[in-house]
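Please find below a colleague's note on this model, set out as numbered points. It begins with a single residue and then moves to other parts of the chain.

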Amino acid sequence: LANLVQGLNSADPAVRGRTIAEAEKRLHDQETSREEESKTTVNRTVINTRASVRAFFPFEVKAVCSLDGFLAILEKDAKERAKQRKRNEHLANALKEKGNDAFRKGDYVVAIQRYTEGLEKLKDKQELYTNRAQAYLKMHECEKAITDCEWALKCNEKCIKAYFLMGKAHLALRHYSESRQCYEKILQIDPQKETLFKDCMNEVNLEEKRMKDEERAMKEVQSGKLAALSIKEMLQKLDRPDQNILYYTGGIRLLTGAMKDCTEQTLFRTNNGFSILKDNEIVRRGFCAERKNAAEVDLSVSLLFLWQAVCTGNEENQHLLLNQPDVNAQLPKLLSSGVSEIQKETLALISLYSENENGRRLLVRHQDLTKWLQILMTFVKSTDARASSAMNILSDLTKEERFKTQCRVMLSTGVLPLFTELLTSAKLVNQAALAHCIGIMGNLCADVVVRMQMAECKECWQACLKLVDEFFDVSTPKYRECLFAVLGLMMNLLLESNVIIQYFAVDISGRCMSLLRDKDGRIVTRAIGVLSRILPASSSAVEEVVKGGVVKKIIKVLKAGGQITSNYGIKTLSICTRSNRQAQEDLVKSDKRFSVLLKLLDSENEMIVANAAFCLGQCLVVPGAATSLLNSNVVMILLKHAGGDATRTSVQENAAIALGKLCVAESRHIFQLRKLNGLAILNSSMKYIHSI
C-alpha cells in the first residue's frame, strides 16, 4: 500500500501511470475473486483505465491512506458507473423504441436521429447500430450502413442481422463478392438459415446478371444495331394515346415477334415496357374488362403472348411482371374467365414461373394462392391441353410448403366439394388429368391439416368407393390410372383414424378384396396396402375379409411379390392372425411348411421380418403347425433374430416369442436349440412372452 501511495505522489508521470495501472489491476483481481466466491452475476461495467484513478487523485496524495479506504473509493466509483449505465441503458432503449416507431412510419431521418441519440447514451448497444444501418439503407446511404454493421459486429461478432444488412448494402453498391461473403457468414453462424442464404444468394446472382444484361444491351443500342433500336421505337408507338384497340393489339404482336433473345428482353425492361398497362388506359381497360368482347379478348391474348416472350428464361422480368398490380390481380380472373384462348395462354405464362424454384417462390410471394387449387382443379373438366397444363402447374406448386398451407383455407368449402364431384363423374371428365389431380391431392395429404380434413369428409370416401365400383365396368387404361391414384390417396388418408373411417372400413376392405384378382400388379399391391391400413380400424372388416379368403389370396401374392407388396401383405396377415383363429388355420393350410413365412424371415427389411415372426408365432397354436417345422432351419433363423441387433426391437421380441411358442408346442425343437447353444438366448427372451 505504501508503495502505491508513494508511486501516486511521484513527480515522474511515467511512475504515476504505472502505479495507477497496478492499483486498478489489484482492484480487478479483487472483484474477480469475489465473483468466483459468490458465483453471482456482476454488472459488466468496465472502469475507464485512462481516467478513473486520476479522477480520484487530481492532486498529489499528501497522506498515506489504508488499503481498505483506497479500495472502497474505487469500488464506490464502479457502483456509480454501474448505476449510470443502467440509467443510460434505460434512456437508450426508450430512444430505440422512438426510432423504431419513426422507422415504421417511414420517417427514416428521425429514426436515424433517435438511434444516434441512443448510441450517445450507450455506445456498445448492438441493436442501435443495426437499426440505424437499416434506416441508412432506406435512405440509400450504403457506406454508412456498412460502417454501422461493422460496429454492431464489434459488439456481437455473431450478429446475423448485421451480416444480412451489410450484404444488402454491398449489393446496392454492386460489390457482389463482398455481398456473397456476408451471406456465407450467416450460414456459418447458423446452418438453419439455409433458406435465407439461398434467397439472398439468388438475389445477388440475379442483380449481377441484370447489370451485365443491361450493359450488353446498352452496347448494342450504342452500336446502332437495328434489332435493338426497334424495341424502343415500337414501345414509343405503343405509348401513343387514344388509338383504336386494334392498333395496340397489332403493335403488341409486332413487339412480341421482335423478342429474339435476352438483349431484346432487357431493352423491353429498360424502356419501361412493363408500364404498358399503367400508362395506357385503353390497353388497361381492355385487359381488365370482366366481360370481354372479341377485340378485348384478342388484346388480352396478345399481351399474354408478349409477356411469355419477355419472361421466358428471364427471372428479373418475371419478378417485374408480378410487381404490376393489374397483372397480379388479373391472373386468377383470367384463369376463371371461361375463354379458352385466354385460359390457355394464362396457363402457359404461369408455367414459366411454376417450373422452377425461384419462379414458384415469386408466385407464392406475390399471389394469394388460396383459391388456385380450386381454380386449377376445374380444368380437369376440359378435354384439351388446358387440363394437363393446369395439373402440371398444381403439381409444381405442391413442392412449396406455403402453397400447401394456403390450400387449407378453401379446402372444406371449395376444393373438396369440387373434388368429390370430379370423382363421381370420372367417366365424363378428362381421365388422364383426373388421375394426375388425384395424385396431387394425395401429395397434399403430407400436410396433416389437409389430410385430417379430407379423412373426415364422408362425401370424399363415398366418391372414392364409387370410382372403384365403376372400374369393374370401365376398365380402360386411363380409368385404370384413376383407380391406381385413388388407392394411393386412400392409403394416405388411412394414416388418420376417425369414426368416418371406421364406418366405411367394411366397404373399403370389400372393394380391395375384389381388386386382388386384378391382373395389374400395381393395382393389387395398392389394394393390399389399403387393406393393411383399413383392417386395424374394424374387427368386423377383419372377419369379413377372412371369410372372403384373404389369407389364401395374399399368400399367393407373396410367393411372387416384391418388397413393397411383401411389406403390405405380411402386415395384413399379421393383423388378421392377431386374434382370428380362422385366419391362423387358413395360413397353416395355405403356406405348407411355412415356406412363404420362412422366406420372409430372411428379408433385409426389418418390418417384414418382424411381421413374419409375429404371424408365425400366432399360427403355432394350430395343432400340427410346430411339428411341420421339425426338418426346417426355423430354430436357427428365429434364434438369429432373437439375439440379433436389429434397429426395430419388434424383430427381437417377435422372434423370441415365436421361438418360445415353437419349443412349447413341439418339444423336439429344444434339441435343435441346444445344438445351437441357444437356450441362454431363449431364457433371456422369455421376458417377452406373457403367455404361451
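**Notes on the predicted model**

1. D396 is a buried residue, because its relative accessible area is 15% and the cut-off for calling a residue buried is under 20%. Please keep in mind throughout that this is a predicted model, and that this value, like the others in this note, is computed from such a model.

2. As for its setting, D396 belongs to helix α22, which covers residues 385-397. When residues up to four places away in sequence are set aside, D396 touches S354, E355 and R360. With one of these, S354, there is a polar contact from side chain to side chain, at 3.4 Å.

3. A second buried position is Y176, for which the relative accessible area is 12%. Y176 is placed in helix α9, a helix that runs over residues 176-189. Leaving out residues up to four places away in sequence, the residues that Y176 touches are L171, V204, E207, E208 and M211. For V204, the separation from Y176 is 28 residues along the sequence, while the C-alpha atoms of the two are 6.5 Å apart in space.

4. An annotation can be set beside the model here: the unreviewed UniProt entry lists residues 160-193 as "repeat: TPR". In the model, residues 160-193 are 79% helix and 0% strand, and the C-alpha atoms at the two ends of the span lie 10 Å apart.

5. Which residues make the contact between helices α23 and α24? Two packed helices are described by the angle between their axes and the distance between the axes. For helix α23 (residues 401-424) and helix α24 (residues 431-444), the axes come within 12 Å and cross at roughly 145°, and the crossing in which α23 passes α24 is left-handed. On the α23 side the contact is made by K404, C407, L411, V415, L416, F419, L422 and L423, and on the α24 side by L434, C437, I438, M441, N443 and L444. By residue class, the contact of α23 with α24 comprises twelve nonpolar residues, one polar residue and one charged residue.

6. Turning to the protein as a whole, the model contains 39 helices and zero strands. Of the 692 residues in the protein, 48% are buried, a class to which both D396 and Y176 belong. If one considers the contacts between residues at least 6 apart in sequence, 69% of them join residues at least 24 apart.

Key: Residues are numbered from 1 along each chain as its sequence is written. This is a predicted model: local features need pLDDT of at least 70, side-chain atom pairs count only at pLDDT 80 or more; totals for chains, interfaces and linings use all residues. Side-chain values use heavy atoms; hydrogens and water are left out. UniProt positions are given in the numbering used here, feature names are shortened, and annotations may be inferred rather than shown by experiment. Helices (H or I, at least four residues) and strands (E, at least two) are DSSP runs, numbered from the N terminus. Axes are lines fitted to C-alpha atoms, for helices over the stretch in contact, and angles run from 0 to 180 degrees between N-to-C directions. A crossing is left-handed if the near helix is turned anticlockwise from the far one by less than a right angle, and right-handed if clockwise. Contact means heavy atoms within 4.5 Å. Ala, Val, Leu, Ile, Met, Phe, Trp, Tyr, Cys and Pro count as nonpolar, Asp, Glu, Lys and Arg as charged, and the others, Gly among them, as polar. Buried means under 20% relative accessible area, exposed over 50%, partly exposed in between (1.4 Å probe, protein chains only). A polar contact is a pair of N or O atoms within 3.5 Å; within protein, one must be able to donate a hydrogen and the other to accept it, and residues adjacent in sequence count only if both atoms are side-chain atoms.
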